[in-house]
Amino acid sequence: MDSWMPSLFAYLAIGAAGMLAHLRLHRALPARLRPVAGTMTSAMVGMLAGLWVDASRGHLDLLVSLCGRGLPLGQSLRWHFGLLVASNAGLVLAGVLPMLGLARAGASGGPRRASIPTLFCVGSMLAGMNLGMPLLMHGPGLPGGAPGLAWMLAQMQAGMTWGAAAALAVLCAAVRLPDVAMRAADWRRG
């Protein structure tokens, strides 16, 4: 087995765990704070479509060659945003499509209610995709291996799933804040 295979499987497992965390957190949220159904899937498909455009321009080969060099985080992010323009745009545009579909369907109050959580989730996925590769490459206990397209995609997908899960975790915490404040006020009075 090649030396990079264990790290590829580790990144795929991290991505799968992020998807499970996202699903669990999505179910725990009240309906009014949930991103529109299909946001994560649409954003991932949009990113892959954008990646195809970036690859056709030759940007992907350059980025893959830079991935294993251990660049500082800031420099790595500049390369990601500069070379994966269509991937980043595809993620954002496709991520908001389910929300636009809900607005077109005329759901009363739904589009407005769902817009903030959906945009927050899409933004977190964008950050996670671009941070996934540099952070996971330097992650504790994960071998770097010889980078390649599959290796880079697994890291980007893992970053996207955990970005979405992090957004939902923040929304879950926001739901609990009023309860915590009320309990603290009751405790002070009592």
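Let's start with Asn88 and what surrounds it. Setting aside residues up to four places away in sequence, Asn88 touches His80, Phe81, Leu126, Met129 and Asn130. This is a predicted model, so read every distance I quote as a computed one. Asn88 sits in helix α5, which covers residues 85–105. Is Asn88 buried or exposed? Buried: its relative accessible area is 7%, and the cut-off for buried is under 20%. What does its side chain find there? A polar atom of the Asn88 side chain lies 2.9 Å from the backbone oxygen of Leu84.

Now step back to the whole chain. There are 7 helices and 0 strands. Reading from the N terminus, the order is simply α-α-α-α-α-α-α. The chain has 190 residues, and 41% of them count as buried. The accessible surface comes to about 10100 Å². Carbon and sulfur atoms account for 68% of that surface.

How are the contacts distributed along the sequence? Take pairs at least 6 residues apart. Of those contacts, 81% join residues at least 24 apart.

A word on confidence. The average pLDDT of the chain is 79, and 74% of the residues score at least 70. Which elements mark the two ends of the range? Helix α2, residues 39–56, has the highest mean, at 90. Helix α3, residues 59–67, has the lowest, at 70. Where pLDDT is low, the predicted coordinates should not be read in detail.

On to the interior. The largest nonpolar core has 21 residues. Which residues have the most contacts inside it? They are Met47, Leu91, Met125 and Met160. The elements giving two or more residues to this core are α2, α3, α6 and α7. Helix α6 spans 110–137, and α7 spans 149–189.

Look at Met160 in particular. Beyond its sequence neighbours up to four places away, Met160 touches Ala43, Met44, Met47, Leu91, Met125, Gly128 and Met129. Met129 is also on the contact list of Asn88, where we began.

There is a second, separate core. This one has 6 residues, including Leu8, Leu136, Trp151 and Ala158.

Next, Thr161. Thr161 lies in helix α7. Its relative accessibility is 1%, so Thr161 counts as buried. Where does its side chain reach? To the backbone oxygen of Gly15, at 3.2 Å. Gly15 is also one of the residues Thr161 touches. The rest of that list, again without neighbours up to four places away, is Ile14, Gly18, Met19, Met40 and Met44. Met44 turns up in the contacts of Met160 too.

So we have two buried polar residues to compare. The side chain of Asn88 has the backbone oxygen of Leu84 at 2.9 Å. The side chain of Thr161 has the backbone oxygen of Gly15 at 3.2 Å.

Now a loop residue. Leu29 lies between α1, residues 5–28, and α2. Leu29 is buried, with a relative accessible area of 2%. What does it pack against? Leaving aside neighbours within four places in sequence, Leu29 is in contact with Arg34, Pro35, Leu168, Leu171, Cys172 and Val175. Leu29 and Ala173 are 144 residues apart in sequence, yet their C-alpha atoms are 9.7 Å apart.

Arg27 gives us another long-range pair. Arg27 lies in helix α1. Its relative accessible area is 61%, so Arg27 is exposed. Its C-alpha is 9.9 Å from that of Leu168, with their positions 141 residues apart along the chain. Leu168 is also a contact of Leu29.

One more pair, this time from helix α6. Leu135 belongs to that helix. Is it buried, exposed or partly exposed? Partly exposed, at 48% relative accessible area. Leu135 and Gly159 are 24 residues apart in sequence, and 8.7 Å apart C-alpha to C-alpha.

Last item: cysteines. Cys121 is buried, at 1% relative accessibility. Cys172 is buried as well, at 4%. How many disulfides does the model contain? The count is 0. Cys172 does have a contact we have already met: Leu29.

Key
Residues are numbered from 1 along each chain as its sequence is written. This is a predicted model: local features need pLDDT of at least 70, side-chain atom pairs count only at pLDDT 80 or more; totals for chains, interfaces and linings use all residues. Side-chain values use heavy atoms; hydrogens and water are left out. Helices (H or I, at least four residues) and strands (E, at least two) are DSSP runs, numbered from the N terminus. Buried means under 20% relative accessible area, exposed over 50%, partly exposed in between (1.4 Å probe, protein chains only). Contact means heavy atoms within 4.5 Å. Accessible areas come from the Shrake-Rupley method with a 1.4 Å probe; for residues, only the protein chains shown count as cover. pLDDT is the predictor's confidence in each residue, from 0 to 100. A polar contact is a pair of N or O atoms within 3.5 Å; within protein, one must be able to donate a hydrogen and the other to accept it, and residues adjacent in sequence count only if both atoms are side-chain atoms. A disulfide is a pair of cysteine sulfur atoms within 2.5 Å. A nonpolar core is a set of buried Ala, Val, Leu, Ile, Met, Phe, Trp, Tyr and Cys residues joined through side-chain atoms within 4.5 Å.
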